[in-house]
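Q: Got a minute to go through this model with me? I'd like to start with the ligand site.

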Amino acid sequence: SSTPDAPTRNVGPEYRPETEKPTATVSSELSHQNVHILPQTPQLIALLTKIRDGNTQRADFIFYSNRIIRLLVEEGLNHLPVVEHTITTPVGRTYSGVKFEGKICGVSIMRAGEAMEQGLRDCCRSVRIGKILIQRDEETSKPKLFYDKLPEDISDRWVLLLDPMLATGGSALMAVEVLKSRGVPEDHILFLNLIASPQGAANFAEQFPKVRVVTAFVDQGLDDKNYIIPGLGDFGDRFYTM
Ligand code: URA
């Protein structure tokens with residue numbers, strides 16, 4: 001079920017002549033307004049090249065994944081509302097800025113999503129983090145909720161939902177249903193993701209048009225085992241056990 005040819009583009013800053021910029025495969029675009037794809041910068045493409053490489057060993061996989069996760073968290077936070085906030089600098093001048101005023105929490109979809117928790121903690125000190133475990137039911141082959149532990153007051157919080165790979169979208173859809181059943185409004189959910197399949201991202205974005213998706217890359221498609229292609233293999237295995 002793979003989709004159109006992967007788009008290639010010259011990567012590098014705008015001022016540099018096209019002939020001096022190398023060509024690379026960049027993210028496919030999606031027409032859905034609620035899906036935000038990180039700018040396809042040379043750094044991001046280089047980081048993705050590292051983690052996609054089957055020869056990259058676990059220590060490097062973790063290091064480079066963490067750098068992308070940091071970019072996702074920083075971009076995700078840009079989608080939370082801020083209010084005007086004026087301060088006085090040490091030289092007695094005012095600066096009119098903004099500050100974030102709401103409460104947030106992270107929710108990781110186990111196991112791979114847990115790999116994104118540290119990146120969130122690095123940006124949001126002492127952030128609360130809930131967990132959801134969804135696995136494929138052997139009998140029905142549909143996703144099944146096995147476990148969840150979420151902050152009591154989650155309905156008052158902005159929720160950053162964490163899962164690095166969005167393949168069919170089955171787990172992410174179920175996770176959003178769990179959050180909604182605890183009273184979290186759809187438009188208070190932000191889904192942070194490293195690599196999405198076009199069909200998974202489109203399906204998710206259509207089911208939950210008010211959930212914002214921030215992803216680093218929309219890939220080409222899925223193989224017959226529902227692995228993302230070209231993808232990077234099994235994220236959890238490569239981050240935790242390989
Ligand atoms: N989960 C992964 O870890 N990799 C994929 O390609 C799809 C789902």
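Q: How does the shell around the ligand divide into nonpolar, polar and charged residues?
A: The shell has 5 nonpolar, 2 polar and 1 charged. Here Ala, Val, Leu, Ile, Met, Phe, Trp, Tyr, Cys and Pro count as nonpolar, Asp, Glu, Lys and Arg as charged, and the others, Gly among them, as polar.

Q: Anything I should know about the model itself?
A: It's a predicted model, where local features need pLDDT of at least 70, side-chain atom pairs count only at pLDDT 80 or more, and totals for chains, interfaces and linings use all residues. Residues are numbered from 1 along each chain as its sequence is written, and side-chain values use heavy atoms, leaving out hydrogens and water.

Q: OK, which residues surround the ligand?
A: Met 165, Ala 167, Asn 226, Tyr 227, Ile 228, Gly 233, Asp 234 and Phe 235, where being near means having a heavy atom within 4 Å.

Q: And what is 2.8 Å from a polar backbone atom of Gly 233?
A: That's a nitrogen atom of the ligand. For Phe 235, an oxygen atom of the ligand is 2.8 Å from a polar backbone atom. A polar contact with the ligand is a pair of N or O atoms within 3.5 Å.

Q: Switching topic: is Glu 84 buried or exposed?
A: Exposed, with a relative accessible area of 74%; buried means under 20%, exposed over 50%, partly exposed in between (1.4 Å probe, protein chains only).

Q: How far is Glu 84 from Phe 235?
A: Their C-alpha atoms are separated by 40 Å, and they're 151 residues apart along the chain.

Methods:
A polar contact is a pair of N or O atoms within 3.5 Å; within protein, one must be able to donate a hydrogen and the other to accept it, and residues adjacent in sequence count only if both atoms are side-chain atoms.
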